[in-house]
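Let's take a friendly walk through a protein model, starting from one residue and working outwards. Have the picture open while you read.

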Amino acid sequence: VYILRRPWTLLKVSEALRAEVLAHAESDIFAEIVSYLIEHPDAEVSEVVGRWAGQPVAGELSRLAAQSVTLSDEAIISQLQDGLGGYVALKAREQRAKLVTEIKAAPATEKLQALRSLQQGAGPPGTPAGTPTESSKS
């Protein structure tokens with residue numbers, strides 16, 4: 001609801017987090033919509049709904065667009081930061097699970113290295129891979 005009504009709030013979310021979400025824009029409809037809204041922060045609700053007319057997501061977008069926004073801009077930005085962080089964490093878990101499944105099916109050195117890389121670089125959402133976290137500093 002919030003990003004449909006106030007797409008400009010996406011620009012207030014950390015740049016690193018936005019980049020992580022946008023990395024999925026080719027394969028995920030949510031990330032594709034976020035990408036569109038970041039590129040068009042002044043988009044009207046009808047424009048966004050119309051952009052996906054005729055696609056499976058159109059009904060859900062229309063339903064969300066009909067809802068009102070009762071939160072302040074600051075609360076929306078905070079919820080976006082948390083929600084997008086959860087989305088990025090979910091995508092990372094999905095990616096690791098896919099790699100584990102592929103490795104079990106046909107072990108390959110590059111897949112094992114990719115999994116190790118994901119496991120070593122898995123910090124909190126919005127943290128670039130390889131950035132030391134508090135727990136990894138000790």
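Is tryptophan 52 buried or exposed? Keep in mind that you are looking at a predicted model. With a relative accessibility of 0%, tryptophan 52 counts as buried, since the limit for that label is under 20%.

**Around tryptophan 52**

Tryptophan 52 has a ring partner, tyrosine 36, which is buried too, at 14% relative accessibility. A search of the whole structure turns up two aromatic pairs. Here is the one with phenylalanine 30 and tyrosine 87: the ring centres are 5.0 Å apart and the planes meet at 55°, so this pair is tilted. Phenylalanine 30 belongs to helix H3 and tyrosine 87 to helix H6, so the pair ties together parts that are 57 residues apart in sequence. Phenylalanine 30 is partly exposed, at 33% relative accessible area, while tyrosine 87 counts as buried at 10%. Now back to tyrosine 36 and tryptophan 52: their ring centres are 5.3 Å apart and their planes sit at 85°, so the pair is edge-to-face. This pair links distant parts of the chain, with tyrosine 36 in helix H3 and tryptophan 52 in the loop between H4 and H5, 16 residues apart.

Tryptophan 52 has company of another kind as well: the charged end of arginine 51 sits over its ring, 4.6 Å from the centre.

**The core**

In soluble globular proteins, nonpolar side chains tend to be buried together. In this model, the largest nonpolar core has 26 residues, and those with the most contacts inside it include Leu37, Val48 and Trp52. Which elements give two or more residues to this core? They are helices H1, H2, H3, H4, H5 and H6. H3 gives the most, with six residues.

Pick out valine 48 for a moment. Setting aside its neighbours within four places in sequence, valine 48 touches Leu4, Tyr36, Leu37, Ala43 and Leu61. So there is Tyr36 again, the ring partner of tryptophan 52.

Helix H2 is worth a look too. Its buried residues are Leu17, Arg18 and Val21. They cover an arc of only 100° around the axis, which puts them on the same side of H2. These buried residues pack against H3 and H6.

**Charged pairs**

Side chains of opposite charge can pair when their charged atoms come close. How many salt bridges does the structure hold? There are five, and the table shows some of them.

| Positive partner | Negative partner | Closest N and O atoms |
|---|---|---|
| Arginine 6 | Aspartate 73 | 3.1 Å |
| Lysine 91 | Aspartate 28 | 3.0 Å |
| Arginine 63 | Glutamate 60 | 2.6 Å |

Take arginine 6 and aspartate 73, which form a salt bridge. Arginine 6 lies in the loop between H1 and H2 and aspartate 73 in helix H6, so the pair ties together parts that are 67 residues apart in sequence. Arginine 6 is partly exposed, at 23% relative accessible area, and aspartate 73 is partly exposed as well, at 26%.

The salt bridge between lysine 91 and aspartate 28 also links distant parts of the chain: lysine 91 is in helix H6 and aspartate 28 in the loop between H2 and H3, 63 residues apart. Both of these residues are buried. Asp28 and Lys91 also join Glu94 in a network of salt bridges.

Arginine 63 and glutamate 60 are three residues apart in helix H5, so about one helical turn separates them. Arginine 63 is partly exposed at 44% relative accessibility, and glutamate 60 is partly exposed at 37%.

Definitions and conventions: Residues are numbered from 1 along each chain as its sequence is written. This is a predicted model: local features need pLDDT of at least 70, side-chain atom pairs count only at pLDDT 80 or more; totals for chains, interfaces and linings use all residues. Side-chain values use heavy atoms; hydrogens and water are left out. A nonpolar core is a set of buried Ala, Val, Leu, Ile, Met, Phe, Trp, Tyr and Cys residues joined through side-chain atoms within 4.5 Å. Buried means under 20% relative accessible area, exposed over 50%, partly exposed in between (1.4 Å probe, protein chains only). Helices (H or I, at least four residues) and strands (E, at least two) are DSSP runs, numbered from the N terminus. Contact means heavy atoms within 4.5 Å. A salt bridge is a side-chain nitrogen of Lys or Arg within 4 Å of a carboxyl oxygen of Asp or Glu. The arc is that of the directions from the helix axis to the C-beta atoms. Rings of Phe, Tyr and Trp (its six-membered ring) pair if their centres lie within 6.5 Å; planes under 30 degrees apart count as stacked, over 60 as edge-to-face and the rest as tilted. A charge sits over a ring if NZ of Lys or CZ of Arg is within 6 Å of the ring centre and within 35 degrees of the ring normal.
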